[in-house]
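Hi everyone, thanks for coming. I'd like to walk you through one protein chain today, so please have a look at the picture before I start talking.

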Amino acid sequence: MEWTRESRYRPYAQWDAKTLLELQAKAAKSPYQLKYHIRPSSGLLNDPNGFSYFNGKWHVFYQSFPFGAAHGLKSWMHLISEDLVHWQELGLALTPDTPLDSHGAYSGSALPIGDKLFLMYTGNVRDKDWIRHPYQLGAWMDKNDQIEKLPEPLITQPEHTTDHFRDPQVFQHNDHYYVILGAQDKATKTGKISLFRSKDLKEFTDLGYLDFTQAEMGYMIECPNLIFVDEKPVLIFCPQGLAKETVAYDNIYPNMYLVGSDVVLDEARFVAGENTIQNLDDGFDVYATQAFNAPDGKAYAISWVGLPDISYPTDQEEWANCLSQVKELSLKDGKLIQRPVKAMADLREAGQLISPDPKNNLAKQQLVAESGEQYELKLTLDPDQKGTLHLAGNADLSQSLDLEFSTGADAHLTVSRANAGAQFATEFKTTRTLELLADQKLELDIFVDHSLCEIFVNGGEHVMTLRFFADVGPKQIALTAAQAKLNYRGTFWKLKNI
Ligand code: FRU
């Protein structure tokens, strides 16, 4: 389908139910469809929104365009969970149905206040000359999941930004509410994080831009989040057009984080100390990660697995993208650690132990003959090993998702999707490499869900997340090595649907 401005922004009421049902059926029967991650029931999914704990349940919303694989008129789709793993879709929650959000209920966040959940989001409006007017809007959701939008904007575009001013994250700190937003400075056309303060969520004071770096942050920052991890402030954000000399990255747009030693919000100061800006994920496809501080004392994050301005093979099937699994955050030596949540283990079927076959000294070892397409593999490789782990391998391993590793002097992990089926986004390279500490063991916890792979490296010191679209057919997991023998051990579990 050829997407025009007219079809992208066509009011939902003008799409018929039959089209939607056909799109849902198409997405459901795709061989690439995910089975234990949040994925769109039809059309396109992007940013996670409103990730929160309210009324005894976890809530997450996502940006949805239900009518195809296009960035069209966006709504918030609502899901709830009891354990951060099993999610139930409740349907569209915030839809673009007022003059203040006529061209999209864009990204935002949620904060429980009293017996309601306060939602804050960007109303995207285009006038007849297609000029954008962003409004920062509020809505209250009650315990029956009923949402009432506030009639007036809470924050309008300040003089000092362009119309790129969106994605409010609202949070409470000391005795105030604060909101941070992604912004583009009008004078310099550079990416900024705008900060506002409010006593009552009615009047908001502009505190200017958050001072967190001397470096220029590209031309726009999207989806900023400020959370506290092990008592330290952590900023998570997406700087578009960031110079690669500032922080190296390969994706079209990066998702970065910065750990602070202190934050003084009333002075708009985020003190980074010795810490530097880092990639949040070392894979190919993570963007717009949203994190929050939960009442259980932990900080959780969930990411869009997909990137703006990139086409994916499922676009042909008229659906696109998914969310990552939820990641629990902690800090170690000034670096963010991301781990699967405990309930992920509830998805496991019986485990199968993996170890070298003493009778097989060949340079190829098959670990799992028929892995299927939805599993977890934990594998520890001893120091001083060199080889390649093949996931989703066909019979002769001419096709596979390759994890080439060395745990010796030149320790690294390189993920290549060059031989893993349908190719896409190849102008942004087909490999991602992580440098590792020399002569250490390498611990991998790998989750595969059909067309998604999440690799947790060394207890979550790094995560490499990626989509891949392997050919249909039986899949094996194997290790190949230059020298004959590899030392490794691990466990393989098939995982259940959610
Ligand atoms: C990021 C983003 C946000 C915006 C939303 C619209 O992916 O562009 O800045 O609010 O997506 O869907």
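How far apart do the C-alpha centres of domain 1 and domain 2 lie? They are 31 Å apart, and please keep in mind that this is a predicted model. The domain assignment puts residues 5–340 in domain 1 and residues 344–495 in domain 2.

Let's look at where the two domains meet. Domain 1 brings 31 residues to the contact, and domain 2 brings 31 residues. On the side of domain 1 that touches domain 2, the elements giving two or more residues are strand 21, residues 299–305, and strand 25, residues 335–340. Strand 25 has the largest share of that side, with 5 residues.

There is also a UniProt annotation to mention. An unreviewed entry lists residues 37–340 as "domain: Glycosyl hydrolase family 32 N-terminal". In the model, that span is 56% strand and 0% helix, and its end C-alpha atoms are 13 Å from each other.

Now for the inside. The largest nonpolar core counts 136 residues, and Leu119, Val179, Cys453 and Ile455 have the most contacts within it. Both domain 1 and domain 2 give residues to this core, so it lies between them. As general background, nonpolar side chains tend to be buried together in soluble globular proteins. If you'd like one residue to click on, try Cys453. Leaving aside residues up to four places away in sequence, Cys453 touches Leu391, Leu401, Ile446, Val448, Leu466 and Phe468.

On to the sheets, starting with an open one of 4 strands. Its order is 10-11-12-13, and the pairing is antiparallel. Strand 10, residues 161–173, and strand 13, residues 205–209, are the edge strands, each pairing on one side only. On average, neighbouring strands here are turned by 25° against each other, ignoring direction. Inside this sheet, strand 11 (residues 176–185) and strand 12 (residues 191–198) run antiparallel and are joined by 8 bridges. One pair to find on your screen is Ala183 with its bridge partner Lys192 in strand 12.

A little further along the chain there is a hairpin I rather like. Is strand 14, residues 220–229, largely enclosed or left open? Of its 10 residues, 9 are buried, so the rest of the structure largely encloses strand 14. Strand 14 pairs with strand 15, residues 232–240, in the antiparallel sense over 8 bridges. Across that pairing, Glu222 stands opposite Cys238 in strand 15. The hairpin has 2 residues between the strands, and Asp230 takes a positive phi near 45° there. For anyone who checks backbone torsions, that is the residue to look up.

Finally, let's move to another open sheet, this one with 6 strands. They come in the order 27-36-29-30-31-32, again with antiparallel pairing. At the edges are strand 27 (364–368) and strand 32 (431–435); each has a single partner strand, so one side of each is left without a neighbour in the sheet. Neighbouring strands in this sheet are turned by 15° against each other on average, direction ignored. Strand 30, residues 401–406, is joined to strand 31, residues 412–416, by 5 bridges, and the two run antiparallel. Glu404 is found opposite Thr414 in strand 31.

That's my tour. Thanks for listening, and I'm happy to rotate the model to any spot you'd like to see again.

Terms used. Residues numbered from 1 in each chain as written. Predicted model: local features only at pLDDT ≥ 70, side-chain atom pairs only at ≥ 80, totals over all residues. Core = buried A, V, L, I, M, F, W, Y, C linked by C-beta atoms within 7 Å. Buried ≥ 20, exposed ≤ 12 C-beta atoms within 10 Å, placed from the backbone. Domains from an automatic or database assignment. Contact = placed C-beta atoms within 7 Å. UniProt positions renumbered as here; feature names shortened; annotations may be inferred. Pairing = 2+ DSSP bridges. Axes fitted to C-alpha atoms, helices over the stretch in contact; angles between N-to-C directions.
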